[in-house]
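Biologist: I have a model open on my screen and would like to learn how to read it. Could you walk me through it?

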Amino acid sequence: MRFFAHASAAVAAVALFSSTSIAQSGTPVAYTDPDTGITFDTWTVSETLSEGGYTFGMALPSDALTTDATEFIGYLLCSSHNSTFTGWCGVSLGGFMTDSLLVLAYPYGGDILTSFRYTTGYYMPDVYTGDAELTQISSTINSTHYALIFRCSNCLQWTQDSASGSASTSAGLLDLGWAQSFPAPGNPSCPSNISLLYHDNGHNIFAATLENAPNASYTDWTALAQTTVTGSCSTTTTATTATPTSSVRVSASASATLK
Ligand code: HEM
Ligand SMILES: *[C@@H]1O[C@H](CO)[C@@H](O)[C@H](O)[C@H]1NC(C)=O
Ligand SMILES: *[C@@H]1O[C@H](CO)[C@@H](O)[C@H](O)[C@H]1NC(C)=O
Ligand SMILES: *[C@@H]1O[C@H](CO)[C@@H](O)[C@H](O)[C@H]1NC(C)=O
Ligand SMILES: *[C@@H]1O[C@H](CO)[C@@H](O)[C@H](O)[C@H]1NC(C)=O
């Protein structure tokens with residue numbers, strides 16, 4: 001419990017949630033992606049809590065435990081139920097769904113599309129209007145899982161209307177939240193105009209201890225982030241942007257090597 005002493009919000013969160021749901025461990029597991037060599041701290045939700053499982057990972061600038069980072073490299077490994085219920089998943093960078101920057105991802109048309117979201121209540125989150133930016137490093141999709149490695153710039157502090165919040169990496173511990181849904185988003189081609197149903201494949205908050213996330217190679221790794229996948233929001237525009245050579249695309253028939 002000593003880690004929780006650093007963050008009163010984590011104490012409150014754990015107290016609030018431990019009585020009603022089983023929390024996953026906040027102790028990170030180091031994971032190195034074989035294609036990029038990026039090492040993450042990862043936190044995994046078991047298949048008993050969320051069908052197919054869920055993993056979020058984070059790599060941080062080398063000084064993130066002493067100076068609050070404004071960005072990170074993220075890893076999302078999420079599950080699809082079947083070929084029509086391909087799902088969506090997300091991470092809350094403030095722990096709770098509300099008043100936090102939400103990063104949402106879903107597979108569509110061979111790409112993983114993403115959307116920053118924000119909400120003050122427990123309903124369909126709005127499009128986030130702050131300056132966060134997501135650039136993809138790799139994206140891998142097969143029939144059961146989709147995995148995205150991405151650089152998330154200006155993601156650890158957020159402002160929406162007159163409200164702002166932040167995640168402090170120098171605390172050594174972050175309040176994070178996960179959510180996962182069986183149904184895919186409606187109107188999926190346009191990430192800023194999707195419709196979502198409640199995340200019926202689970203959600204929870206967890207206090208994530210940072211151990212291996214800061215890395216001296218962080219700056220080098222950010223150079224791998226070159227793909228902006230925007231989707232298509234009008235009938236006259238087509239598809240997504242080009243894929244650079246650093247991006248990994250694995251088709252449904254190929255076997256992914258992310259675990
Ligand atoms: C139509 C869309 C959505 C609806 C109706 C919805 C509704 C809710 C509700 C009612 C809860 C509380 C459940 C409980 O306490 O048992 C909740 C929790 C949560 N939601 Fe959502 N949600 C939606 C979208 C999202 C999205 C897009 C994300 C993240 C990308 C997200 C992340 C979370 C997280 C992390 C929790 C657990 C922490 C908390 O209770 O604040 N939700 N959601
Ligand atoms: C930094 O990343 C490299 C390459 O993935 C890894 O070998 C090393 O263990 C990492 N350092 C720490 C402190 O985790
Ligand atoms: C996918 O799963 C949903 C929900 O269980 C089900 O209604 C649907 O028939 C399934 N579709 C396919 C193609 O298996
Ligand atoms: C937004 O989505 C709705 C359906 O949910 C659709 O009618 C509308 O054309 C979409 N707008 C854009 C710009 O994609
Ligand atoms: C799909 O990807 C997941 C996660 O990387 C992996 O565990 C699984 O074996 C893959 N399935 C197939 C059929 O390649």
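**Reading the model, from the core outwards**

Modeller: Gladly! Keep in mind as we go that this is a predicted model. A good place to begin is the core. In soluble globular proteins, nonpolar side chains tend to be buried together. Here the largest nonpolar core has 65 residues, and those with the most contacts inside it are A59, F72, L76, L101 and A105.

Biologist: Which residues is F72 in contact with, leaving aside its neighbours within four places in sequence?

Modeller: With that sequence limit, the contacts of F72 are M58, A59 and L60, together with C152, C155 and L156. A59 also appears in the list of core residues with the most contacts.

Biologist: What share of the 259 residues in the protein is buried?

Modeller: Buried residues account for 44% of them. Long-range contacts are worth a look too: among contacts between residues at least 6 apart in sequence, 62% join residues at least 24 apart.

Biologist: Now the secondary structure, please. How many helices and strands are there?

Modeller: The protein has two helices and 15 strands. Strands of a sheet pair through backbone hydrogen bonds, either parallel or antiparallel. In this model, six strands make an open sheet with antiparallel pairing, in the order β8-β7-β6-β5-β13-β14. Its edge strands, β8 (126–127) and β14 (203–209), each pair on one side only.

Biologist: How many bridges join β6 to β7?

Modeller: Seven bridges link β6 (residues 102–108) with β7 (residues 111–118), and the two run antiparallel. To find your place on screen, look for P107, which stands opposite I112 in β7.

Biologist: And how do I read a hairpin?

Modeller: Try β11 and β12, which form one with two residues between them. D161, in the turn, has a positive phi of about 55 degrees. The strands, β11 at residues 157–160 and β12 at residues 163–166, pair in the antiparallel sense over four bridges. W158 has G165 in β12 as its bridge partner.

Biologist: Which residues of β11 lie on its covered face, and which on its uncovered face?

Modeller: W158 and Q160 are on the covered face, while Q157 and T159 are on the uncovered one.

Biologist: Let me try a single residue. Why does T135 count as partly exposed?

Modeller: T135 counts as partly exposed because it has 17 C-beta neighbours inside 10 Å, and a residue needs 20 or more to be buried, or 12 or fewer to be exposed. T135 is found in strand β9 (residues 133–141). Beyond four places in sequence, its contacts are F150, R151, A225, Q226, T227 and T228. T135 and T222 are 87 residues apart in sequence, yet their C-alpha atoms are 9.3 Å apart in space.

Biologist: Which residues are around ligand 2?

Modeller: Around ligand 2 are T32, G37, T39, N212, N215 and S217. By class, this shell has six polar residues, no nonpolar and no charged ones. Around ligand 4 you will find G186, N187, C190, N193, S195, C233 and S234, which divide into two nonpolar, five polar and no charged residues.

Biologist: Where should I be careful?

Modeller: The mean pLDDT of the protein is 86, and 81% of its residues reach 70 or more. Over residues 237–259, however, the pLDDT is below 50, although this stretch has 40 contacts in the model beyond near neighbours in sequence. Residues 1–22 also stay under 50, with 31 contacts beyond four places in sequence. Where pLDDT is low, the predicted coordinates should not be read in detail.

How values were computed
Residues numbered from 1 in each chain as written. Chains lettered and ligands numbered in written order. Predicted model: local features only at pLDDT ≥ 70, side-chain atom pairs only at ≥ 80, totals over all residues. Near = placed C-beta within 6 Å. Nonpolar A, V, L, I, M, F, W, Y, C, P; charged D, E, K, R; others polar. Core = buried A, V, L, I, M, F, W, Y, C linked by C-beta atoms within 7 Å. Contact = placed C-beta atoms within 7 Å. Pairing = 2+ DSSP bridges. pLDDT = per-residue confidence, 0-100.
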